[in-house]
Amino acid sequence: MRRPAGGAARRRPALAAVAVIGALTLAGCGGSDSDSDSAASGAELSVDAAYIPQPVSDSMAAGFLTITNEGGTADELTSVTSDVGEITVHETVDGTMKEVDRLEVPAHGQLVFKSGGNHLMFEKLKQQPKQGQSVTVELHFAHSGPVTVKLPVKAATYQPTAGHSGHSEDSGH
């Protein structure tokens with residue numbers, strides 16, 4: 001059966017609209033692929049060279065580690081928690097130490113905590129960590145999930161040989 005030409009002409013705009021909607025839907029799918037690509041290039045965090053020098057105080061200790069970000073997006077360390085006591089993050093600038101709410105972990109870079117520089121301050125310790133033990137902490141970030149790290153307790157005079165830049169046997173992975 002043959003339909004009148006007028007009906008076919010009316011269906012063409014409808015077909016064109018369906019084609020446009022289909023193209024937009026496919027473009028939307030392409031957009032979500034690029035979203036996952038940007039998510040894939042987000043922060044990729046790992047922790048290395050973690051340790052605590054055996055504290056000389058019953059109630060305070062310092063912690064050191066290196067957070068490496070191999071990803072294309074910066075993140076921020078926002079807090080550190082542990083069952084052993086309260087932990088605050090300290091930044092050292094021009095020899096002056098101050099507590100901070102967050103520190104940046106740059107894209108394709110490192111956030112280094114070392115003696116004389118940025119460090120974790122353990123306060124109100126429930127018990128004094130002893131050499132040979134480990135202290136477990138959880139690092140919290142602005143955009144990435146938490147990272148659990150074991151910090152071995154070293155001698156009070158311990159100095160890392162890797163300079164906090166390479167992997168060590170004591171990595172907290």
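Which residue takes a positive phi in the hairpin of β4 and β5? I started my notebook with that one, and the residue is Asp94, with a phi near 50 degrees in a hairpin that has two residues between the strands. A reminder to myself before going on: this is a predicted model.

**Entry 1: the hairpin**

I looked up where Asp94 sits, and its place is the loop between β4 (86-93) and β5 (96-100). Asp94 is not a glycine, yet its phi is positive at about 50 degrees. I then checked its cover: the relative accessibility is 78%, and because that is over 50%, Asp94 counts as exposed. The two strands beside the loop run antiparallel, and five bridges join them. For a landmark on the pairing I noted Thr92, which stands opposite Met97 in β5.

**Entry 2: another positive phi**

Ala49 also caught my eye, since it has a positive phi of about 55 degrees although it is not a glycine. Ala49 has its place in strand β1. Is Ala49 buried or exposed? It is buried, with a relative accessible area of 8%.

I stayed on β1 and looked at Asp48, which is found in that strand, residues 45-53. Asp48 has 6% relative accessibility and so counts as buried. Its C-alpha lies 7.7 Å from that of Thr68, and the two residues are 20 apart in sequence.

**Entry 3: the whole chain**

I stepped back for an overview. The chain has one helix and ten strands, and the helix comes ahead of the strands in the pattern α-β-β-β-β-β-β-β-β-β-β. Of its 173 residues, 33% count as buried. The chain exposes about 10,300 Å², with 53% of that supplied by carbon and sulfur atoms. I also looked up how far the contacts reach: among those between residues at least 6 apart in sequence, 70% join residues at least 24 apart.

**Entry 4: the nonpolar core**

Next I went to the largest nonpolar core, which has 25 residues. Ile67, Leu77, Phe113, Phe122, Val137 and Leu139 have the most contacts inside it. Strand β9, residues 134-141, gives the most to this core, with four residues. As background, nonpolar side chains tend to be buried together in soluble globular proteins.

I followed two of these residues outward. Ile67 touches, among others, Leu45, Val47, Leu77, Val105, Phe113, Leu139 and Phe141, leaving aside residues up to four places away in sequence. Phe122 lies in strand β8, residues 119-123, and its relative accessibility is 1%, so I wrote it down as buried. With the same sequence neighbours left out, the residues that Phe122 touches include Ile52, Met60, Val84, Ile87, Val135 and Val137. Ser59 is also one of its contacts; the C-alpha atoms of Phe122 and Ser59 are separated by 7.9 Å, although the residues are 63 apart along the chain.

**Entry 5: a buried asparagine**

What is the relative accessible area of Asn69? It is 1%, and Asn69 is therefore buried. Asn69 lies in strand β2, residues 60-69. I looked for a polar partner and found one: a polar atom of the Asn69 side chain lies 2.8 Å from the backbone oxygen of Thr73. Asn69 also touches residues including Ala43, Glu44, Leu45, Asp75, Val105, Pro106 and His108, not counting those up to four places away in sequence.

**Entry 6: the aromatic pairs**

How many aromatic pairs are there? I get two. In one of them, the rings of Tyr51 and Phe64 have their centres 5.3 Å apart and their planes at 45 degrees, so the pair is tilted. Tyr51 lies in strand β1 and Phe64 in strand β2, so this pair ties together parts 13 residues apart in sequence. Both residues are buried.

Tyr51 also pairs with Tyr158, edge-to-face, at 4.8 Å centre to centre with 75 degrees between the planes. This pair links distant parts of the chain, 107 residues apart, with Tyr158 in the segment after β10 (147-154). I compared the cover of the two partners: Tyr51 is at 3% relative accessibility and counts as buried, whereas Tyr158, at 27%, counts as partly exposed. My last note is that Tyr51, Phe64 and Tyr158 form one aromatic cluster.

Notes
Residues numbered from 1 in each chain as written. Predicted model: local features only at pLDDT ≥ 70, side-chain atom pairs only at ≥ 80, totals over all residues. Heavy atoms only, no water. Core = buried A, V, L, I, M, F, W, Y, C linked by side-chain atoms within 4.5 Å. Buried < 20%, exposed > 50% of the residue type's maximum accessible area, 1.4 Å probe, protein only. Contact = heavy atoms within 4.5 Å. Polar contact = N/O pair within 3.5 Å; in protein donor to acceptor, adjacent residues only side chain to side chain. Areas by Shrake-Rupley, 256 points an atom, 1.4 Å probe, with all protein chains shown as cover. Pairing = 2+ DSSP bridges. Phe/Tyr/Trp six-rings, centres within 6.5 Å; stacked < 30°, edge-to-face > 60°.
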